[in-house]
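Visitor: Could you walk me through this one at an easy pace? I'd like to start with a sheet and then look at a pair of helices.

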Amino acid sequence: MPALGAHSEVGRLREVIVHRPDLSLRRLTPENCKGLLFDDVLWVKRARQEHDVFVDALRERGVTVHLFGDLLAETMAPPEVREWLLDRRVGASIVGYEMVGELRDWLDEMPTDQLASLLVGGIARAELPFQPAGLTGKTLLPKDFVLPPLPNQLFMRDSSCWIYHSVSANAMYWPARKPEVANVEAVYRFHPRFRDAGFPFVSPDNPGPGPSLEGGDVMPVGGGVVLVGMGERTTPQAVGGLARTLFAAGEATRVIAALMPCDRSFMHLDTVFTFCDRDLATMYPPVVERLRSFSLRPGEGEAAVDVVEETKPFVEVVKEAMGLKTLRIVSTGGDAYESEREQWDDGNNVVFVEPGVVIGYDRNVYTNTLLRRAGIEVITVEGAELSRGRGGGHCMPAPSPAILCDRGETDMPVNLHGRNVLTLDDFSGTEIRYLLRLAADLKAAKQAGTEAPRLTQKNIALIFEKDSTRTRSGFEVAAYDQGAHVTYIGPSGSHIGHKESMKDTARVLGRMYDAIEFRGFSQHQADVLAAYAGVPVYNGLTVEAHPTQVLADFMTMREFTHKHLSDTTLVFVGAGRDNVAKSLAIGAAKVGMDMRIASPRSLWPDEAFCNHVRSMAEASGGSFRLAEDVDAAVLGADFVYTDVWLSMGENESAWLERIELLTPYRVTRELMAATRRPHTKFMHCLPAFHNMETEVGQDIARSYGIDCMEVTDDVFESGASVVFDQAENRMHTIKAILVATIGA
């Protein structure tokens, strides 16, 4: 399963948790609504209709929507989980010592769906199946609440928040909202969707009565940067503690704290500032222009945090932290009166669904119009009833997870139409990231059943001098999914090189096909094919390069780490001069990764290649180094990658020499442990010699007395292995290449 997390406010939304209006909202009365933080009582039927339309809008955009009530009920199926939650929700300090036993006995026997409803909707004294004893019970009127309702559970983003790969179960400001946190924390700790994901909690176990932090103030924006508002409901003490915890966990490198006025009208940062595109935000100037900004970064000592007050305006600080050339701003619309009204009505509190697409309330006509004029697609929903709790669209869904957004992805989309893909050396880091984003979008559409064909009536020739499982399957399925036709030309299926030169073949096929894939031995032949075909040519593998594999590898890395590619450490272990190692080095240098090759010196790439990669890495902020000491090389690695020990085109007579040379570089459990990182993943482009279940494996065992080569079977089959995700992603990244280069 890909790593969970909410990695950027400006990335495509993948999954959310929402809570449909329920019993808790039916409990609101004119007498109690203010104490429960609602401006008025709701017409609950209409609120449900509004919420259903909101959820439908998310689903129509490919977002997976989980209902919190269902998750909570499923979470409490094991008795020990029910006990954990009831210990926190039903204690003597809440219901009285004399009542707690009988109440717990009743709740313990209750069906999980009914219990989930009451833990949010509340329990009135009149609903108890027993006569409550003790002072607390005797003082309650029939309509009084034993457990108060939690109508603000509707606003799921506040009581918890994902910050990159971590979760914060938040210390809420108002007592009326504090019980929500236990409900949400139970789901994240124990629900099957989350319990084995291994994400850390960055919230303090006992925050005390003073510090408070709410999710509407917290915005991870990518690149290890987190924006946090400090206004009515989030205190500086909590922000300082959060920053310290995030830095210690390696989740963030900078927290930008924005000091806001303490006012219910703009209780959270997201009520005055939200993103609508990678380089566009909507904001309420009367508040945002008054913000004082502070940058928190890791200090030199243990648990130390350096704090610097910024002199530039908040928007400028955010722009520079995100690496943007410009951050376009759409202010709240209308004159001074209308602008104030639309801010109150959550005109700046929109849900970022995907770049350039947001969901907001329909009544904010002026602001929505300005957003549309700026090129933003605004999907409007009614919010007359939902907003009575002072929450907009951004407050209702809890992202879990959203997609990673790398540094540099804020560049405008690029045009790759008609381009060849022969080596990643021909592509910029921005172009590589563009292909990865496109691949992620296409993968999500395929999984959601919403994929739209963009290659209808396109014809693609697949030339294979060397057989393959993943490359052929990847190209064929990608083409078929997108409506294209393919012709497979195998090792003996043409006159190429025998009766007809590659130059002549290129000029023939280029007149019949819209694109050509070539998988062969010579990079020169691929270059000739591209020079004379007149249509895009894709390198499926040559002795020198394997670009489609590396794109799939990078896509897999994005899915299995909370880090950005530019913050990721990749270590290739084995024959450092083979085509996969060299292609990884080029791609890593383009996107700014820390790339290392652990290999015997005799198998290092040549000096000219290394100097070329180092110069690219220096320009992108990455690094590249070679090492013979494998344990030192893998220290701190996020991903350990290996390949077959005898590279494509090498003579098989070299097996014995290569085995003796590379056995110390075999990926074993001990080597994986040497990374000293519990979440390090193992990667391999396949096929892998990890057991004797193949003819080649049996031949090697007979000839050399070993049952595996580059990786042991226990690592290959372990939970750290993502090799089959890599294999699947070959198809998604190949599809992105096809769509980007020949798509309509």
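Visitor: What is the order of strands in the open sheet of five strands?

Guide: Happy to start there, keeping in mind that this is a predicted model. The pairing in this open sheet is mixed, and the twist averages 20° from one strand to the next. Reading across the five strands, the order is β7-β8-β9-β12-β13.

Visitor: Which strands stand at the edges?

Guide: An edge strand here has a single partner strand, so one side of it is left without a neighbour in the sheet. That describes β7 (218–222) and β13 (305–309).

Visitor: In β8, which residue is the bridge partner of P220?

Guide: Strand β8 covers residues 225–230 and pairs with β7 in the antiparallel sense, over four bridges. In β8, the partner of P220 is V226.

Visitor: Which helix packs on the sheet?

Guide: Look for a helix touching β8, β9 (254–259) and β12 (292–298). Its direction makes about 170° with that of β9. The helix, spanning residues 314–321, is α13.

Visitor: How are α20 and α28 oriented to each other: roughly parallel or roughly perpendicular?

Guide: Helix α20 (residues 547–559) and helix α28 (residues 723–742) have axes that come within 8 Å and cross at roughly 115°. The crossing is right-handed. Angles of 65 to 115 degrees count as roughly perpendicular, therefore α20 and α28 are roughly perpendicular.

Visitor: How many residues of the contact of α20 with α28 are charged?

Guide: From α20, the residues include L551, D553 and E559, and they meet a set in α28 that includes D725, R730 and I737. The contact divides into five nonpolar, seven polar and, for the charged group, four.

How values were computed. Residues are numbered from 1 along each chain as its sequence is written. This is a predicted model: local features need pLDDT of at least 70, side-chain atom pairs count only at pLDDT 80 or more; totals for chains, interfaces and linings use all residues. Side-chain values use heavy atoms; hydrogens and water are left out. Two strands pair if DSSP finds at least two bridges between them. Helices (H or I, at least four residues) and strands (E, at least two) are DSSP runs, numbered from the N terminus. Axes are lines fitted to C-alpha atoms, for helices over the stretch in contact, and angles run from 0 to 180 degrees between N-to-C directions. Contact means heavy atoms within 4.5 Å. Angles under 35 degrees count as roughly parallel, over 145 as roughly antiparallel, 65 to 115 as roughly perpendicular and the rest as oblique. A crossing is left-handed if the near helix is turned anticlockwise from the far one by less than a right angle, and right-handed if clockwise. Ala, Val, Leu, Ile, Met, Phe, Trp, Tyr, Cys and Pro count as nonpolar, Asp, Glu, Lys and Arg as charged, and the others, Gly among them, as polar.
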